[in-house]
Amino acid sequence: MSAQTKYGFSTPIGSAGGIVDLAPYAIDSFLNDEANGVMKHGVGVVQGSKPGVNIALPKTGATAAKFEGITTNNRTTEYDIDGKLAIRHGASVGVMRYGRIYARVVDDAAVAYGDPVYLVIEGDNAGLFTKTESATSGSATIAVKGRFLGAADLSTKVAVVELFDQAQA
């Protein structure tokens, strides 16, 4: 009998949009305002075309007052026929308003415990998080009331973010 004694990959810290622990949190449901497959789990979102109803990825000019939270992967996971995750336009999406969640970070995010949280609001990284006021790509960011709770997993590009139970503006 043989057994595997060597593993080539480390276990990721968590999956994007996953709830970290049993600490208090609030999740509200919103409708996806983005086209099919554009919205992802674990990204920061802002008010969509109907505030309080729809969410969208942030765009240039987004403000902290329009920040809704981070998309969760609870009860909204749907795969297409090719096995790819795709959140459809108009689908209901859970959004964590406060609590601890695995959030997507920019490629070069060297975050540590206690670092501030900034949401990228333009370019290809819109919806991802970083610890600096301006992402290294030069993209604009907005400050989010929260903090990073540790280093990012650079293979999955997620880090634990704690969103505070405070108004963002």
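The paragraphs below lead through a predicted model, from its overall fold to its strand pairing, a few individual residues and a pocket.

The protein has 169 residues, of which 43% count as buried, and its secondary structure comes to 0 helices and 9 strands. Read along the sequence, the pattern is therefore β-β-β-β-β-β-β-β-β. Among the contacts between residues at least 6 apart in sequence, 63% join residues that are at least 24 apart.

A convenient place to enter the strand pairing is β2, which covers residues 44-47. On one hand, β2 is joined by 2 bridges to strand β3 (residues 54-56), and the two strands run antiparallel; in this pairing Q47 stands opposite I55. The hairpin formed by β2 and β3 has 6 residues between the strands, and within this hairpin G52 takes a positive phi near 90°. On the other hand, β2 also pairs with strand β4 (residues 67-71), again in the antiparallel sense, over 3 bridges. Here V46 stands opposite F67, while V45 has G69 as its bridge partner.

From β4 the pairing can be followed further, since 2 bridges join β4 to strand β5 (residues 92-104), with the two strands running antiparallel, and I70 of β4 stands opposite M96 in β5. Strand β4 itself is mostly covered, with 5 of its 5 residues buried. In a regular strand the side chains alternate between the two faces of the sheet.

Which backbone oxygen lies 2.9 Å from a polar atom of the side chain of H41? It is that of T72. H41 is found in the loop between β1 (26-32) and β2 (44-47), and H41 counts as buried because its relative accessible area is 2%, where the cut-off for buried is under 20%.

Another buried residue, Q168, lies in the segment after β9, and it is classed in this way because its relative accessibility is 13%. Q168 and A64 are 104 residues apart in sequence, yet their C-alpha atoms are 5.6 Å apart in space. If neighbours within four places in sequence are left aside, Q168 is in contact with A64, F67, A143, V144 and K145. One of these residues, F67, is the residue of β4 that stands opposite V46, and another, K145, offers its backbone nitrogen, which the side chain of Q168 reaches at 2.8 Å.

The remaining feature to consider is a pocket. Rolling a probe the size of a water molecule over the atoms shows where empty space is left. The largest pocket has a volume of about 160 Å³, and its lining consists of V38, K40, V43, L57, R104, V105, D124, N125, A126, L128, T156 and K157. By class, this lining has 6 nonpolar, 2 polar and 4 charged residues.

Among the lining residues, K157 deserves a separate look for its backbone. K157 is found in the loop between β8 (141-148) and β9 (158-163), and it has a positive phi of about 60° although it is not a glycine. Most residues other than glycine have a negative phi. Is K157 buried, exposed or partly exposed? With a relative accessible area of 32%, K157 is partly exposed, because this value falls between the cut-offs of 20% and 50%.

Note on methods. Residues are numbered from 1 along each chain as its sequence is written. This is a predicted model: local features need pLDDT of at least 70, side-chain atom pairs count only at pLDDT 80 or more; totals for chains, interfaces and linings use all residues. Side-chain values use heavy atoms; hydrogens and water are left out. Helices (H or I, at least four residues) and strands (E, at least two) are DSSP runs, numbered from the N terminus. Buried means under 20% relative accessible area, exposed over 50%, partly exposed in between (1.4 Å probe, protein chains only). A polar contact is a pair of N or O atoms within 3.5 Å; within protein, one must be able to donate a hydrogen and the other to accept it, and residues adjacent in sequence count only if both atoms are side-chain atoms. On a 1 Å grid over the protein atoms alone, a cavity is a set of points where a 1.4 Å probe fits but cannot get out, and a pocket is an open set with protein on both sides within 12 Å along at least five of seven lines; lining residues have an atom within 4 Å of a point. Grid points are joined across faces, edges and corners, and a volume is the space filled by probe spheres set on the points. Ala, Val, Leu, Ile, Met, Phe, Trp, Tyr, Cys and Pro count as nonpolar, Asp, Glu, Lys and Arg as charged, and the others, Gly among them, as polar. Two strands pair if DSSP finds at least two bridges between them. Contact means heavy atoms within 4.5 Å.
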